[in-house]
Amino acid sequence: MNSKIIITTIILASAICFVPFVSDDSAAISVNDGTFIYELDEPSSQATVIGLMDSMVKNIPSTIRYESKTYNVVAIGDNAFQNEKLTGNMNTGSVRTIGAGAFQGADITGNLNISSAVTSIGDSAFEKADITGNFNISNGLKTIGNSAFRSSEIAGNLNLPSTVQSIGDYAFAETDFTGNLRLPSSLTTIGNYAFYKSEFTGNLNLGDSVKTIGEGAFKNCDFTGNIDIPSSVTSIGSQAFTCSSSISSITISSSSTVIDSQTFSSFVFYASDGVTILSQTSSNLCGHTFVKVNGKMVMQDGGTVDPTPDPDP
């Protein structure tokens, strides 16, 4: 018969003691410190945060002790705080990974600091979360999973750290946040529909290392300002920039970029004469800047292009 060890706490003279009792479900060891619930892995001396005891949160400790043994807190487990109401400031401490659905649907009031120890944020980790207060992500994060922040609400600027290398599919789709969106120079891949229907104001800065912009990456997003596509980009997916008509300029730096015919399907591009309609091809669009003039995206850099108009723009 399997047994499950469940730990309650007794507070004596400001010290927390873990007192187990045994049930018949599993051999997993779970403990709580009055705020968080942890699952302990004895062979590795590691602990994972798996739940919440008190909505008044605090910083996640780097270590916890049980039966004279120290366990390193290395992860926030899948669905750990799903649909919870969290009040207060939280720092993730020495946590390295944030699991799938960890804060999905959570209502977070206070500051949330993702520390530099975190290298990955799992799929749907903050999907539909409502975050008020400052939301800071420190350098160290490399991977943002699929739908990680989908349909969440974030107040203020979103500054992704300089270590992020990939943003998953739908990672920020339908996310509502204000301020500029600045993507780091370390970023190489923007997934399919990564910012689909997201809303933000200001300029879109893609960094200078992005190679692939996925299908529909910024489709139907609502933002004002300028788009500058760096020379590092080699591939832009279909409908990637089917965006708001409020965009004031588009610059496509590289002549080696592969542009799908529907990449900018919401825009009609004109040569510098303002009359000749350009087909959306690499030879016509790359290496040029187009500025909105009387509702038209007109080439403003004095470049030359294929004069043959697109018969069906």
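At 27% relative accessibility, S151 counts as partly exposed, because that value falls between the limit of under 20% for a buried residue and that of over 50% for an exposed one. This is a reading of a predicted model, and the same caution applies to the descriptions that follow. S151 is placed in the loop between strand 16 and strand 17, and its backbone has a phi near 60 degrees, a positive value in a residue that is not glycine.

A second serine belongs to this part of the chain. S147 also lies in the loop between strand 16, which covers 143-144, and strand 17, which covers 153-154. For S147, too, phi is near 60 degrees, again a positive value in a residue other than glycine. With a relative accessibility of 12%, however, S147 counts as buried, because buried means under 20%.

From this loop the reader can turn to a sheet elsewhere in the model. Three strands, in the order 9-12-15, make up an open sheet in which the pairing is parallel. Strand 9 (90-91) and strand 15 (135-137) stand at its edges, and each has a single partner strand, so one side of each is left without a neighbour in the sheet. In general, the strands of a sheet pair through backbone hydrogen bonds, in either a parallel or an antiparallel manner. Here strand 12, made up of residues 112-114, is joined to strand 15 by three bridges, and the two run parallel. Within this pairing, L112 stands opposite F135 of strand 15.

The aromatic side chains offer another way through the structure. When ring centres must lie within 6.5 Å for a pair to be counted, the model holds 17 aromatic pairs. In one of them, F36 and Y38, the ring centres are 6.4 Å apart and the planes stand at 70 degrees, so the pair is edge-to-face, the class for angles over 60 degrees. Both F36 and Y38 are buried. Y193 and Y196 form an aromatic pair that is likewise edge-to-face, with 5.7 Å from centre to centre and 90 degrees between the planes. Y193 is buried, as is Y196.

One further aromatic ring is found together with a charge rather than being described here as part of a ring pair: the charged end of K296 sits over the ring of Y270, at 4.7 Å from the centre of that ring.

Key: Residues numbered from 1 in each chain as written. Predicted model: local features only at pLDDT ≥ 70, side-chain atom pairs only at ≥ 80, totals over all residues. Heavy atoms only, no water. Pairing = 2+ DSSP bridges. Helix = DSSP H or I, 4+ residues; strand = E, 2+ residues; numbered from the N terminus. Phe/Tyr/Trp six-rings, centres within 6.5 Å; stacked < 30°, edge-to-face > 60°. Buried < 20%, exposed > 50% of the residue type's maximum accessible area, 1.4 Å probe, protein only. Lys NZ or Arg CZ within 6 Å of the ring centre and 35° of its normal.
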